[in-house]
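User: Could you take a close look at one part of this chain for me? I'd like the local picture first, then how it sits in the whole.

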Amino acid sequence: MTRPIDVLVIGGGVAGLVAARECAQVGLAVTIIETTDAVGGPVVGHVLDGLTLDSGAESFAVRGGTVASFIEDLGLTDQVVAPNVAGAWLHLPALKQADAAVSVPCTCRPSSKRMPR
């Protein structure tokens, strides 16, 4: 016998997963429909020449503590990684070879503090 569906969430990106979790926490039966093989939407890892790279969202706002609290509820606090203070580089193949690497400025400061709760 199949269980009735109270909520159907279209898309297993971050917003869809949050919506599904909120519904499930109040006792609703939730089904998520995702078109790809994995959930997370554009937040995904890629392996390029043996180097694992993240794509999609790479930061979140800490003001108010909402996201930090959500991450803690999911048990993922220890997996949050501080950004590299050196910044990042993008390789843009459409540019001339000499101008192919572009610096992305970083305004972050290194900190030994934990994420706010």
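Analyst: Here is a walk around Ile10 and its surroundings. Keep in mind that this is a predicted model, where local features need pLDDT of at least 70, side-chain atom pairs count only at pLDDT 80 or more, and totals for chains, interfaces and linings use all residues. Residues are numbered from 1 along each chain as its sequence is written, and side-chain values use heavy atoms, with hydrogens and water left out.

Ile10 lies in strand β1, residues 7-10 (strands are DSSP runs of E, at least two residues; helices are runs of H or I, at least four; both are numbered from the N terminus). Ile10 counts as exposed because its relative accessibility is 65% (exposed means over 50%, buried under 20%, partly exposed in between, with a 1.4 Å probe and protein chains only).

Across in β2, Ile33 is the bridge partner of Ile10. The two strands, β1 and β2 (residues 30-33), run parallel and pair over four bridges (pairing takes at least two DSSP bridges). Add helix α1, residues 14-25, and you get a right-handed β-α-β unit: with the strands pointing away from the viewer, the path from the first strand over the helix to the second runs clockwise.

Zooming out, the chain has two helices and six strands, in the order β-α-β-β-β-α-β-β. Of its 117 residues, 14% are buried. Among contacts (heavy atoms within 4.5 Å) with a separation of 6 or more, 34% link residues 24 or more positions apart.
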